[in-house]
Amino acid sequence: MENSRRSFLHQFGALSASPFALSALASEWNNLLAYLDSQRQRPTKDIARDEVYWQEVAKAYRVSTDFINLENGYYSLAAWPVLKAQWQHIKEVNKKPSYYMRNQQWDDRHRIKQALADFAGCSVDEMVICRNTTEALDTVILGLNLEPGDEAIMTNQDYGSMLATFNQRARRDNIVNRIISLPLHPKNDQEIVDAYEQAITSQTKVMLVTHLINITGQVLPVQKICAMAHSYGVEVICDSAHALGQLDFKIQDLDCDYWGTSLHKWVGAPLGNGMLYIKKEKISQVWPLLGDDTYSDDDIRKFEHHGTLPVTGQLSILDALEFQESIGVPRKQARLRYLKQYWTEKVKDTPGVIINTPWEEERSSGIANVGVANLKPHELADRLMNKYNIFTVAIDNEALKGIRVTPHLYTSLNELDKFVIALKELASA
Ligand SMILES: Cc1ncc(COP(=O)(O)O)c(C=O)c1O
């Protein structure tokens with residue numbers, strides 16, 4: 001067991017970089033890590049339904065017992081070993097504060113970047129660590145050379161911060177935003193690709209594509225959309241906030257031009273960690289938000305100019321990757337899909353219950369949206385919390401009405417059964 005974990009760490013030089021990281025805490029977590037390692041050879045589809053396996057995984061998460069948490073989309077908590085390792089980083093950096101910042105932080109950051117680039121599937125020369133998806137993608141939206149009359153395509157299911165930043169560019173620079181709607185239950189990938197294609201004009205320069213739509217849980221065929229967009233010379237900004245660590249993919253397979261994620265969602269890093277990727281040949285055409293005279297225009301590090309940062313959070317990215325590796329993304333993906341399928345199957349024929357998420361495996365993951373005909377979204381969320389102690393989030397906008405339900409790896413079938421009973425009672429009231 002120790003060998004496979006150590007080889008993962010050695011691969012990224014992490015053992016020398018952070019001697020107080022997860023590896024140093026191993027003895028405390030030996031039983032769990034040994035168990036996970038002993039299960040490595042089993043098929044993913046068996047593991048996805050093995051409650052004993054997931055009960056073991058759940059031991060690494062310290063969650064509140066005050067309520068059943070089915071809202072793990074905003075911030076998916078870091079596993080306890082990752083948080084403990086972060087505390088070690090805080091103590092070590094704090095012992096030699098300026099010395100660390102002047103002499104060691106850059107080497108450490110490079111090693112973390114290398115591990116993250118490898119995990120996400122891009123070159124380290126094409127990515128930087130930032131604070132979150134909003135910072136990553138708004139940097140691109142604000143930094144692109146767009147002229148008055150240039151057009152951008154986006155949908156009414158995209159994330160509000162990106163829509164607001166495109167809106168600001170429209171007000172400030174007179175670009176034109178074309179906002180399309182996407183079907184909640186598409187017949188096939190082509191229907192989605194067509195929706196974007198029909199909005200393209202001779203003025204279109206860029207489109208925003210959300211990989212895994214946060215309010216519905218729908219997974220879009222990003223690679224096909226990129227191929228279509230590129231055939232018109234249109235660039236693609238991909239919002240993968242919920243995709244990295246939840247879906248099994250590599251950035252290079254998507255072939256998008258710009259991409260961002262939040263590592264505090266499904267990678268399980270502590271709050272305030274994100275990643276920006278820009279395709280090598282596109283770097284020189286994006287202005288950083290904060291001016292930089294250190295690096296050339298085509299050097300991705302021009303986006304790292306942020307002043308003094310909480311580096312201890314960044315050090316914990318390695319710990320999060322290591323912990324995640326002990327399970328593996330294919331297993332996470334399969335489990336989260338199974339959980340979504342488990343509860344939606346049980347309520348889908350209940351009168352008054354409306355599922356706003358596609359059924360097909362390849363078109364969804366762990367997140368799903370459900371409405372109840374006689375309740376407004378916030379009434380449904382409030383009743384679930386007040387009467388049944390189940391926390392979800394209301395989604396009430398022009399694109400759809402319902403609550404978003406997001407289980408996590410630590411969520412038990414017993415908790416989902418309670419949610420199913422609650423939903424059926426509320427729908428029949
Ligand atoms: C699709 C999508 N994009 C972007 C974001 C923004 O993430 P952050 O707040 O970490 O920047 C979110 C947050 O939930 C999201 O769901």
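# Exercises on a predicted model

Tyr 258, Gly 260 and Ser 262 point one way from strand S7, Trp 259 and Thr 261 point the other way, and all are buried. Buried means 20 or more other C-beta atoms within 10 Å of the residue's own; exposed means 12 or fewer, and partly exposed lies in between, with C-beta atoms placed from the backbone. Strands (E, at least two residues) and helices (H or I, at least four) are DSSP runs, numbered from the N terminus.

The model is predicted: local features need pLDDT of at least 70, side-chain atom pairs count only at pLDDT 80 or more, and totals for chains, interfaces and linings use all residues. Residues are numbered from 1 along each chain as its sequence is written.

## Exercise 1. Place strand S7

Find the strands that pair with S7, and state the sense of each pairing.

Solution.
- Step 1: Take the pairing rule, at least two bridges found by DSSP between two strands.
- Step 2: Strand S6 (residues 235-239) pairs with S7 in the parallel sense, over three bridges. Cys 238 has Trp 259 of S7 as its bridge partner.
- Step 3: Strand S8 (residues 274-278) and S7 are antiparallel, with five bridges. Here Tyr 258 has Ile 278 of S8 as its bridge partner.
- Step 4: Check burial. Five of the five residues of S7 (residues 258-262) are buried, so the strand is largely enclosed by the rest of the structure.

## Exercise 2. Trace the core

Locate the largest nonpolar core relative to the two domains.

Solution.
- Step 1: Define the core as a set of buried Ala, Val, Leu, Ile, Met, Phe, Trp, Tyr and Cys residues joined through C-beta atoms within 7 Å.
- Step 2: The largest such core has 104 residues, and Met 207, Ile 225 and Met 275 have the most contacts inside it.
- Step 3: Helix H13 (residues 311-327) gives the largest share, seven residues.
- Step 4: Domain 1 (108-320) and domain 2 (331-428) both contribute residues, so the core lies between them. The bounds come from an automatic or database domain assignment.
- Step 5: Follow Met 275. Among the residues it touches are Leu 116, Ala 120, Ile 129, Gly 260 and Thr 261, leaving aside residues up to four places away in sequence. Touching means C-beta atoms, placed from the backbone, within 7 Å.
- Step 6: Turn to Ala 120, in helix H7 (residues 97-120). Ala 120 is buried, with 22 other C-beta atoms within 10 Å. With the same sequence cut-off, Ala 120 touches Leu 244, Ile 251 and Met 275.

## Exercise 3. Describe the ligand shell

Which residues surround the ligand, and how do they divide by type?

Solution.
- Step 1: Count a residue as near if its C-beta atom, placed from the backbone, lies within 6 Å.
- Step 2: The surrounding residues include Tyr 74, Asn 132, Tyr 159, Asp 239, His 242 and Ser 262.
- Step 3: The shell holds three nonpolar, eight polar and one charged residue. Ala, Val, Leu, Ile, Met, Phe, Trp, Tyr, Cys and Pro count as nonpolar, Asp, Glu, Lys and Arg as charged, and the others, Gly among them, as polar.

## Exercise 4. Inspect two positive phi values

Where do Asp 255 and Asn 389 lie, and are they buried or partly exposed?

Solution.
- Step 1: Asp 255 is not a glycine, yet its phi is positive, about 60°. Asp 255 sits in the loop between helix H12 (251-254) and S7. Asp 255 counts as partly exposed, with 17 C-beta neighbours inside 10 Å.
- Step 2: Asn 389 has a positive phi near 65°. Its loop runs between helix H15 (377-388) and strand S11 (390-391). Asn 389 counts as partly exposed, with 13 C-beta neighbours inside 10 Å.

How values were computed
Contact = placed C-beta atoms within 7 Å.
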